[in-house]
Amino acid sequence: MPPENRAITRIHVEGYRSLQRVDLEPGRVTVLIGANGAGKSNLLSLLRMVALMRTQSLRRYVGEAGGASALLHYGPKVTKELVVRLEFEQPTGANAYGARLGYAAGDTLLFLDETVEYRPVGVAAFKVTSLGAGHKESMLEDAAGEPGGKTAKTVRWWLAKTNFFHFHDTSLAAPLRQNSRQEDVHFLRSDGSNLAAYLRSLSISEDPARQAAWRRISQLVRRVAPFIKALQPTLVDPAHPETSTVRLDWVDERDEIFGPHQLSDGTLRCIALFTALGQPVDSLPAFLSIDEPELGLHPAALTILASLVRSASAHAQILLATQSPALLDLFEPQEVVVTERVQGATTFRRLDAEQLAGWMEDYSLSELYDKNVLGGRP
């Protein structure tokens, strides 16, 4: 199925953190812009939660987030239920996944209802299949394995192909700087903890697409960090390759070899971002989101990043959450969604290119944002 013929068409959320009640219709590229605390990251974390629900990791997610009280809008005294619904479209029709989660003893969440849905082309209403109620982990995997579980299988595929990349942590102990297991190469992990092993797998692969991805990533890194002559992900213990981990070494212009701890924060993030967006097409998620990709990046790197987003969007939907006005100038007005917080609740508002046409004759999007014409300012 051509990627441009399939898409997440609607994200509906009620009762999750600042997302009291929101609807978003993402395009091939969607750029969320807004102040700190407006709710951009809450949407991205919600999508991560739903992806983890597929793997029956809801309880783990809730625990790591500080309990259900920290996830429900203003806590369980105000919000008793959390509702999420994702709608997907492909040439044969549309599918949807829905979950209604209630507050339960032990500061946990319990499924009050879980559904998968299908609507053929030309039909107005979805056919709803309930996966039950009262369970603590998703029943999607079980439903997909049952006879007649085609709808559940399709929904499971969508959730499995939804990923969230978060490369904020570049401290000395960050996963990005650590050695990684060489066998951990099936996909790039959300925190980049297997970056070294993943890049090495591309560099040694005989597959033309993976070799092309390795060359593309290497060239992009050299454009923003010309002092890096070559990336050289290396087995730490070559004498025992079957058990050795992989370190992200690199070679400078004097042919000296350095490790990941000699990379600046911005350069390390660039490598991770370029890998996430420049990976082989068959490895790309169908939908990927990146939180604050501009962190630590030089303006020239932002231009390359935006070009890579545009290229990758032919094969995957991309959602960016940013505070960078400069990033806005690299995208079209209709791709920008202004995020604001009003009386404790997040709102999303997509820019109207026609309404802004007069302004755009004299100003850039970043200038309009700075002038507060677009909204979304602190």
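**Salt bridges, rings and a buried helix**

Modeller: In this predicted model, a network of salt bridges links Arg10, Asp23, Arg85, Glu87 and Glu117. The structure holds 19 salt bridges.

Colleague: What makes the contact of Arg21 with Glu14 a salt bridge?

Modeller: The closest N and O atoms of Arg21 and Glu14 are 2.8 Å apart. A salt bridge requires a side-chain nitrogen of Lys or Arg within 4 Å of a carboxyl oxygen of Asp or Glu, so the pair qualifies. In general, side chains of opposite charge can pair when their charged atoms come close.

Colleague: Why is Arg21 called exposed, and which term applies to Glu14?

Modeller: Arg21 has a relative accessibility of 58%. Exposed means over 50%, so the term fits Arg21. Glu14, with a relative accessible area of 22%, is partly exposed, because this value lies between the limits of 20% and 50%.

Colleague: What does the salt bridge of Arg156 with Glu141 tie together?

Modeller: The closest N and O atoms of Arg156 and Glu141 are 2.9 Å apart. Arg156 lies in helix H4 (residues 150-160) and Glu141 in helix H3 (residues 140-144), so the pair ties together parts that are 15 residues apart in sequence. Arg156 is partly exposed at 24% relative accessibility, and Glu141 is partly exposed at 33%.

Colleague: The side chains of Arg189 and Asp184 also meet in a salt bridge, at 2.8 Å from N to O. Is Asp184 buried or exposed?

Modeller: Asp184 is buried, because its relative accessibility of 11% falls under 20%. Its partner Arg189, at 30%, counts as partly exposed.

Colleague: How do you know that helix H5 is largely enclosed by the rest of the structure?

Modeller: Eight of the ten residues of helix H5 (residues 195-204) are buried, so the helix is largely enclosed. Among the buried residues of H5 are Tyr198, Leu199 and Arg200. The buried residues of H5 pack against several elements, including helix H6 (208-224), strand E10 (228-235) and helix H7 (265-278).

Colleague: How many aromatic pairs are there?

Modeller: The count comes to six aromatic pairs. One of them is formed by Trp250 and Phe258, and this pair is stacked.

Colleague: Why is the pair of Trp250 and Phe258 called stacked?

Modeller: The ring centres are 5.0 Å apart and the planes differ by 25°. Centres within 6.5 Å make a pair, and planes under 30 degrees apart count as stacked, so both conditions are met. Trp250 is buried, with a relative accessible area of 5%, whereas Phe258 is partly exposed at 29%.

Colleague: What makes the pair of Trp359 and Tyr363 tilted?

Modeller: The angle between the planes of Trp359 and Tyr363 is 45°, and the centres lie 6.0 Å apart. The pair is tilted because 45° is neither under 30 degrees nor over 60.

Colleague: Where is Tyr363 found?

Modeller: Tyr363 is in the loop between helix H10 (353-360) and helix H11 (365-370). Tyr363 is partly exposed at 32% relative accessibility, as is Trp359 at 39%. Trp359, Tyr363 and Val373 form a nonpolar patch on the surface, with about 250 Å² of accessible area together.

Colleague: Which residues do ring pairs link into a cluster?

Modeller: Phe88, Trp157 and Trp158 are linked in this way. Another ring, that of Phe126, has Arg85 lying over its face, at 5.1 Å from the ring centre. Arg85 also belongs to the network of salt bridges named at the start.

Note on methods:
Residues are numbered from 1 along each chain as its sequence is written. This is a predicted model: local features need pLDDT of at least 70, side-chain atom pairs count only at pLDDT 80 or more; totals for chains, interfaces and linings use all residues. Side-chain values use heavy atoms; hydrogens and water are left out. Patches are made of residues with over 30% relative accessible area and no salt bridge: like charges are joined within 9 Å, nonpolar side chains (Val, Leu, Ile, Met, Phe, Trp, Tyr) within 5 Å. Accessible areas come from the Shrake-Rupley method with a 1.4 Å probe; for residues, only the protein chains shown count as cover. Helices (H or I, at least four residues) and strands (E, at least two) are DSSP runs, numbered from the N terminus. Buried means under 20% relative accessible area, exposed over 50%, partly exposed in between (1.4 Å probe, protein chains only). A charge sits over a ring if NZ of Lys or CZ of Arg is within 6 Å of the ring centre and within 35 degrees of the ring normal. Contact means heavy atoms within 4.5 Å.
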